Structures are given as C-alpha cells and as structure tokens.
Amino acid sequence: ESQILGQLRAAYTLATELGSIGTVLHDLAQTALRVGKRVHTDTGIDRAGASVVSVALDRAEQALGTLAGRRALIVGAGSMGALAGASLRRRGIGEVVVANRSLERAERLAETLDARPIALSALPAHIAEADLLVSSTGATGLMVEAEHVGARGGRPLVVLDLALPRDVAPSVGELVGVTYVDLDSLRSSGAMVSDADV
C-alpha cells in the first residue's frame with residue numbers, strides 16, 4: 001500500500017544521504033520501489049481502503065450535511081485511522097481528536113493531522129463532544145458501547161465502524177439521533193467487494 005511504499009522510499013533516501021547503502025541494498029530498494037509502483041498502478045490495491053473511507057464519509061455527510069467545522073473523534077491510529085483522518089481534513093473537518101490504546105501512537109497520528117491525542121479512558125467525554133466518530137482499531141472486543149455515548153441533548157452523531165471485527169456495539173445505532181454505519185452496510189452499498197465476489 002502507499003504508506004509502506006512511502007516508508008521504504010523515505011528509508012532508502014535517508015540511507016543514501018548517510019552513505020550507508022551498498023549495491024545489493026540499492027538494487028533491492030530500487031526493485032521494490034519499481035514493483036510497488038507497478039502493483040499500485042496495475043492492480044488498484046489501495047482503492048479498497050480509500051473507497052470504504054470515502055463512501056463512509058459520504059454517508060456521514062448525508063446525515064450531518066457538510067463536515068466543515070464539525071468535530072471528529074478517530075478511534076485507532078493505524079492505517080485506516082490515518083486514511084480517515086486525512087480524508088476528513090480534505091473535507092474541511094474542524095476539530096479532530098485521536099484515541100488509541102497506545103497514547104504514543106495517538107500522538108504521532110495527531111501530529112500529522114493537526115489533531116489532539118487522548119487516552120482511551122477519556123473516550124466517553126469526547127464522544128459527547130463529537131459530531132462524527134470513526135473507529136478502526138485492531139481490537140478483538142468492543143471499544144464503544146451504548147453507555148459510552150450518553151445524553152447528547154438532541155445533537156446528531158454519526159458513527160462509522162470500519163473495524164473487523166467491529167469496534168462499536170450495534171446497539172449504539174439504536175440510540176436516538178445516532179446514524180450507525182459499519183462494514184456490512186458499506187459492503188451492501190458496493191463500497192467493498194465481499195469474498196463471494198472475488
């Protein structure tokens with residue numbers, strides 16, 4: 001994917017500047033970059049993640065109107081969280097908060113997104129302030145339960161659960177004013193290709 005290719009390119013550039021790369025690693029890095037670019041161009045391997053995030057954010061805009069000036073809470077600082085954050089910034093989102101199990105990883109992603117990092121323990125307070133929650137962790141259990149959402153005084157909340165297995169309890173979608181979008185609903189809209197379609 002593009003992030004890995006970018007990391008390889010950055011590492012190769014740094015090693016070249018430091019004069020610490022020999023002919024074998026030079027050839028290997030050049031071949032890997034060439035193959036990575038070709039795979040990216042010929043297969044569209046990156047399109048699935050971008051498409052899922054794009055369609056999910058389209059759903060959020062349908063529910064909230066414009067995302068400009070809205071508050072977003074991203075749960076998970078991995079590649080999908082980073083992609084969602086970058087996409088939100090392009091759509092003019094206002095404040096962004098990043099929560100992650102590792103506060104250090106939340107801080108790293110928050111720095112790239114001009115966002116605010118928080119610990120997972122602070123999640124309920126920040127859900128109360130958010131207009132949009134995007135969750136995409138690698139956790140095996142639920143990260144957000146209905147009781148974490150709390151009273152919102154009639155303010156709508158869009159919850160995009162992009163994790164597999166899911167991060168957000170489906171009961172969250174039954175709360176008044178909450179629009180809940182998960183991978184199943186995105187798959188049924190054509191944003192994702194199911195295993196049966198491959």
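The following paragraphs describe the salt bridges of this predicted model and the surroundings of its strand 1.

A search of the whole structure finds 10 salt bridges. Two of the pairs described here share aspartate 131, a residue that is buried, with a relative accessible area of 10%. In one pair, the side chain of aspartate 131 meets that of arginine 70 in a salt bridge, with a distance of 4.0 Å from N to O. Because aspartate 131 lies in the loop between helix 6 (123-129) and strand 4 (132-135), while arginine 70 lies in the loop between helix 3 (47-64) and strand 1 (72-75), this pair ties together parts that are 61 residues apart in sequence. Arginine 70 counts as partly exposed, at 23% relative accessibility.

In the other pair, aspartate 131 forms a salt bridge with arginine 155, and the closest N and O atoms are 3.3 Å apart. This pair, too, links distant parts of the chain, since arginine 155 is found in the loop between helix 7 (146-149) and strand 5 (157-161), 24 residues apart from aspartate 131 in the loop between helix 6 and strand 4. Arginine 155 is partly exposed, and its relative accessible area is 31%.

A salt bridge within a single helix is formed by glutamate 104 and arginine 108, which both lie in helix 5 (residues 103-113) and are four residues apart, about one turn of the helix. The closest N and O atoms of this pair are 3.1 Å apart. Glutamate 104 is exposed, with a relative accessible area of 52%, whereas arginine 108, with a relative accessible area of 48%, is partly exposed. Elsewhere, a network of salt bridges links Arg166, Asp182, Asp184 and Arg187.

Strand 1, which follows the loop that holds arginine 70, is covered on both faces, with Ala72 and Ile74 buried on one side and Leu73 and Val75 buried on the other. Strand 1 also pairs with two other strands. With strand 2 (residues 96-100), strand 1 pairs in the parallel sense over four bridges, and within this pairing leucine 73 stands opposite valine 97 of strand 2. With strand 4, strand 1 is again parallel and is joined by four bridges, and here the bridge partner of valine 75 is serine 135 in strand 4. Finally, strand 1 and strand 2, together with helix 4 (residues 79-90), make a right-handed β-α-β unit.

Notes
Residues numbered from 1 in each chain as written. Predicted model: local features only at pLDDT ≥ 70, side-chain atom pairs only at ≥ 80, totals over all residues. Heavy atoms only, no water. Buried < 20%, exposed > 50% of the residue type's maximum accessible area, 1.4 Å probe, protein only. Pairing = 2+ DSSP bridges. Right-handed = clockwise from strand over helix to strand, strands pointing away.
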